[in-house]
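Please look through the structure shown here. The paragraphs after it lead from a few aromatic side chains to the sheet, the helices and the chain as a whole.

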Amino acid sequence: LLPLIENAIEQNKHLIAGKEVKIDLQVEATPLVKAPTGVLAIAISNLIRNACQFTTRGSITVTLQKNRIDVEDTGIGICQEDLEHVKKPDVSGSSSDGFGFGLDIVNRLCSRFDWRLNIESIQGKGTKTSLIFH
């Protein structure tokens, strides 16, 4: 997973160019996950891209643990009303320039591979997304 995470960070750095945002990668374990590389890359990249897109200052911390990847940011956050809908297709935040399918895709991959997508957010404070492998 580590090379996929490093690649996703590199591919999305342009989204924080000119912003006061620091990305920190913390590796607490180096797990192996049985899934196609492309599937893992899509899921990881979606979470990191969202963090980069919605964080204008502060930090993004990506933590690799033995059974999960956490992406935590100090971005704009998601209001509680929208939080229950963000995993559905065609749902995007008001400040998003995406099409609203990123988290839906990640959620569908989780269903297919028996993973879990957890999203915690406080509007104005930031968001923590976790991709949990079983």
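Two aromatic pairs are counted in this model, which is predicted. One of them is formed by phenylalanine 113 and tryptophan 115; the pair is stacked, with 5.1 Å from centre to centre and 25 degrees between the planes. A pair of aromatic rings is described by these two things, the distance of the centres and the angle of the planes. Phenylalanine 113 has a relative accessible area of 22%, so it counts as partly exposed, given that buried means under 20%. Tryptophan 115, at 8% relative accessibility, is buried.

Tryptophan 115 also pairs with phenylalanine 133: the ring centres are 5.1 Å apart, and because the planes stand at 85 degrees the pair is edge-to-face. Where do these two residues sit in the chain? Tryptophan 115 is in the loop between helix H4 (102-113) and strand E4 (116-122), and phenylalanine 133 is in the segment after strand E5 (126-132), so the pair ties together parts that are 18 residues apart in sequence. Tryptophan 115 and phenylalanine 133 are both buried. Through the ring pairs, Phe113, Trp115 and Phe133 are linked into a cluster. A charged side chain joins the picture as well: arginine 112 lies over the face of phenylalanine 113, at 4.9 Å from the ring centre.

The strands come next. The sheet is open and has five strands, in the order E1-E2-E3-E5-E4, with mixed pairing. Its edge strands are strand E1 (20-27) and E4, each of which pairs on one side only. On average, and with direction ignored, neighbouring strands of the sheet are turned by 10 degrees against each other.

Within the sheet, strand E2 (residues 57-64) and strand E3 (residues 68-73) run antiparallel and are joined by five bridges. Valine 62 has valine 71 in E3 as its bridge partner. E4 and E5 also pair in the antiparallel sense, here over seven bridges. The bridge partner of arginine 116 in E5 is isoleucine 132. E4 and E5 form a hairpin with three residues between them, and glycine 124 in the turn has a positive phi of about 85 degrees.

In a regular strand the side chains alternate between the two faces of the sheet. Which side chains of E4 are buried? Leu117, Ile119 and Ser121 point to one face and are buried, whereas Arg116, Asn118, Glu120 and Ile122 point to the other face and are not.

Now to the helices. Helix H1 (residues 2-12) lies across E1, E2 and E3 and runs at about 175 degrees to E1. H4 lies across E4 and E5, running at about 145 degrees to E4.

Two packed helices are described by the angle between their axes and the distance between the axes. For helix H2 (residues 37-53) and H4, the angle is about 145 degrees and the axes are 9 Å apart. The crossing in which H2 passes H4 is left-handed. On the H2 side the residues that meet H4 are Val39, Ile42, Ala43, Asn46, Leu47 and Asn50; on the H4 side they are Gly102, Leu103, Ile105, Val106, Leu109 and Phe113. Phe113 is thus named here and in the ring cluster.

Two single residues can be set side by side. Isoleucine 48 is in helix H2, and at 0% relative accessibility it counts as buried. What does isoleucine 48 touch? Leaving aside residues up to four places away in sequence, isoleucine 48 touches Ile5, Ala8, Ile9, Asn12, Val62 and Val71. Its C-alpha atom is 9.5 Å from that of lysine 13, a residue 35 places away along the chain.

Leucine 32 is in the loop between E1 and H2. Is leucine 32 buried or exposed? At 84% relative accessibility, leucine 32 counts as exposed. Leucine 32 and leucine 2 are 30 residues apart in sequence, with 9.5 Å between their C-alpha atoms.

Last, the chain as a whole. The chain has four helices and five strands, and from the N terminus on its elements run α-β-α-β-β-α-α-β-β. Of its 134 residues, 42% count as buried. Among contacts between residues at least 6 apart in sequence, 64% join residues at least 24 apart.

Definitions and conventions. Residues numbered from 1 in each chain as written. Predicted model: local features only at pLDDT ≥ 70, side-chain atom pairs only at ≥ 80, totals over all residues. Heavy atoms only, no water. Phe/Tyr/Trp six-rings, centres within 6.5 Å; stacked < 30°, edge-to-face > 60°. Buried < 20%, exposed > 50% of the residue type's maximum accessible area, 1.4 Å probe, protein only. Lys NZ or Arg CZ within 6 Å of the ring centre and 35° of its normal. Pairing = 2+ DSSP bridges. Axes fitted to C-alpha atoms, helices over the stretch in contact; angles between N-to-C directions. Contact = heavy atoms within 4.5 Å. Left-handed = near helix turned anticlockwise from the far one by under 90°.
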